[in-house]
Structure formats: C-alpha cells, structure tokens
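This report covers salt bridges and the surroundings of selected residues. The chain is shown below.

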Amino acid sequence: MATLAVDVGGTKIAVGLVDPSGALVHTAVRPTQGDRDAETVWAVAAGLIAEVLAVVGGAVDGVGVGCAGPIDRAAGTVSPVNIASWRGFPLRDRVAAAVPGVPVRFAGDGVCMALGEHRHGAGRGAHSMLGMVVSTGVGGGLILDGVPYHGRTGNAGHVGHVVVDRDGPPCRCGGHGCVEAVAAGPAMVRWALANGWTPDDTADAKVLAEAATAGDPVAVAAFARGTTALAAMIASVAAVCDLDLVVIGGGVAKSGGVLFDPLRAALAGYAGLEFLAGLRVVPAELGGDAGLVGAAVLAGLR
C-alpha cells in the first residue's frame, strides 16, 4: 500500500503517492496562490489530496506532510513566510480531517527534503548531513546520527537565516546579512543587475547561471559572492553539527559547476578544522521530488 505525501511551498503545492521502495507513483501539483486568503490556499491543498486519494480509492497506510516554515510541530500549525494568510494555520489537523483514520506525521519541508535524499538519494549512507535547497530562498534540514533533527519547535535547519554578513542586505525574515539575502537566486540576480549585468533575456537565476558559464564577469562575480556566503554558512553548520555530507538541491543547484566549483573552493578556505577535512558537498539526486519522498519516509518513522 502507498503512502500519501504532501509538500507545501510558497510557489507550489504537491501531493503524491509513494510506494514502499521510495518510488513516486503518482503526483499532482498546483500553484499555491500564496497571495490569497487562508481558505483559498487550503482549498488548493484539499483538492489535490482528494484527487490523489481517488487514484487508490482512499486506501493509504500513512500520511506525511512537509511545509515551508516557520512551523510549530507540536501544535501542527504553520506560518510560512511566502504564504501571508497562513499564520498559525492548523495544517496537520486539516490534513488529518481530509484523510480520516490514517496517522499523519508533520515536519518542516527542509527536514523532508533531507530525509528523502538520506533514504533514497544522494545522502544514502551518510551519518550526519545537511540537506539544502538553493532556489528563490535558501532552506535546509538536518539528519544527525542517522535520524531527522527537528529542534524545539520543528524549525531546526533554517540555514538560510545564518548571518554571514553583519552589515549585509536586509532579509525578508526581518534580519539582515542572512545567507538567503546574499545567495538565493533572486538575491544574486539583484546584485548582478545593480553591478552592471545587462541580460538579453529575462533576468532570473537560470539566465544568470548561463551568463556565468559563458564567462560574463559580473555574473561570475555574482556566483562567487553567493557561493562564498554559502560556504561560510556550511562551514559553520558543519562545525557545530559534525557533518560528513551536504546535499544541495533546488533551482540554483541545477546550475552545476558554476555553483559547485566556486562553492567547494570557498569551503576549503573556511572548513579548516581537521574533523571537517572529509566534508563532502554534492548535488541532490531526487530533484523536486525530494520533499514528497521525504514526507513519505517521515510517515513511516516510529
């Protein structure tokens, strides 16, 4: 029997069925409509859940839910930065009501991404790892000693809000100098445009990566600035948590060598402690499915 997996983000909501091997056998995705009222956003999720349940006649053996944060894991509520109308929204209870009689487990989307990669992707066999997404934001989740680490409220792993520049740019979290404000895709694009980059096409992270690959000096500098911030954060988190692996997914990570080459070079300059010498940074394997696969893994944890 399959597990129902739900992944709620600021851009899209995905619901899927995951079999015991970790294979995603059915998926339904719709835009989140995060600028709408709370019930309109929930109606998107509820419609997807009903659509996917209909595929198996409502028979699933568990439900795993991952959501962008902040969250309150004990209360089952969420207050995602990118869904303004969901403040203290009772997501876990809403999902439980939509799938009555089936146990529901709930976590931050970064933890689910890390779980998916740890069990079925690039993190297989890792002892302690950080799973990261570098996209419109920078998010993450921790697997420590082989198990997910949620923290006191469920928000451990919010690595995008590690401060890497105390005099840095403002962040949408209300702070400033966060790695997300420097290294997320839109942040790198803003910096490049402010420093003379003149793209021929839409100014987004994909086009910026293509320009950097072609040798555009401003685009190269934008990625160097962003990856230096990521490296500083990774070295700090790795030192605190004694990590052996970092798995990076998300849209910006699809840039390949233009991201990973300067990132690894910068990391070598920050991770100087002997116990960090074996720290590896690798691309994610599950792509956009990692959150759903990880939510299903979460549902099966006891």
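Which residues does Ser 128 touch, not counting residues up to four places away in sequence? In this predicted model, Ser 128 touches Ile 143, Leu 144 and Asp 145, and also Cys 241, Asp 242, Leu 243, Asp 244 and Leu 245. Ser 128 sits in the loop between α3 (109-120) and β8 (129-134). With a relative accessible area of 3%, Ser 128 is buried, because the cut-off for that class is under 20%. The side chain of Ser 128 also makes a polar contact of 3.1 Å with the side chain of His 127.

**Salt bridges**

The whole structure contains 5 salt bridges according to the search. Among them are the pairs tabulated here, each with the N to O distance and the relative accessible area of both partners.

| Pair | N to O distance | Relative accessible area |
|---|---|---|
| Glu 39 and Arg 94 | 2.8 Å | Glu 39 42%, Arg 94 25% |
| Arg 172 and Glu 180 | 2.7 Å | Arg 172 43%, Glu 180 9% |
| Lys 206 and Glu 210 | 2.8 Å | Lys 206 59%, Glu 210 43% |

The side chains of Glu 39 and Arg 94 form a salt bridge. This pair links distant parts of the chain, since Glu 39 belongs to helix α1 (residues 38-55) and Arg 94 to helix α2 (residues 91-98), with their positions 55 residues apart in sequence. Glu 39 is partly exposed, and Arg 94 is likewise classed as partly exposed.

Lys 206 and Glu 210 form a salt bridge within one helix. They are 4 residues apart in helix α6 (residues 205-213), so about one helical turn separates them. Lys 206 counts as exposed at 59%, because the threshold for that class is over 50%. Glu 210, at 43%, is partly exposed.

**Glu 180**

Is Glu 180 buried or exposed? Glu 180 counts as buried, at 9% relative accessibility, while its salt-bridge partner Arg 172 is partly exposed at 43%. Glu 180 is found in helix α4 (residues 179-183). Not counting residues up to four places away in sequence, Glu 180 touches Gly 137, Val 138, Gly 160, His 161, Cys 171, Arg 172 and Ala 187. Arg 172 therefore appears both in the contact list of Glu 180 and as its salt-bridge partner, the latter pairing meeting the cut-off of within 4 Å. Measuring from C-alpha to C-alpha, Glu 180 and Leu 286 lie 22 Å apart in space and 106 residues apart in sequence.

Notes:
Residues numbered from 1 in each chain as written. Predicted model: local features only at pLDDT ≥ 70, side-chain atom pairs only at ≥ 80, totals over all residues. Heavy atoms only, no water. Helix = DSSP H or I, 4+ residues; strand = E, 2+ residues; numbered from the N terminus. Buried < 20%, exposed > 50% of the residue type's maximum accessible area, 1.4 Å probe, protein only. Polar contact = N/O pair within 3.5 Å; in protein donor to acceptor, adjacent residues only side chain to side chain. Contact = heavy atoms within 4.5 Å.
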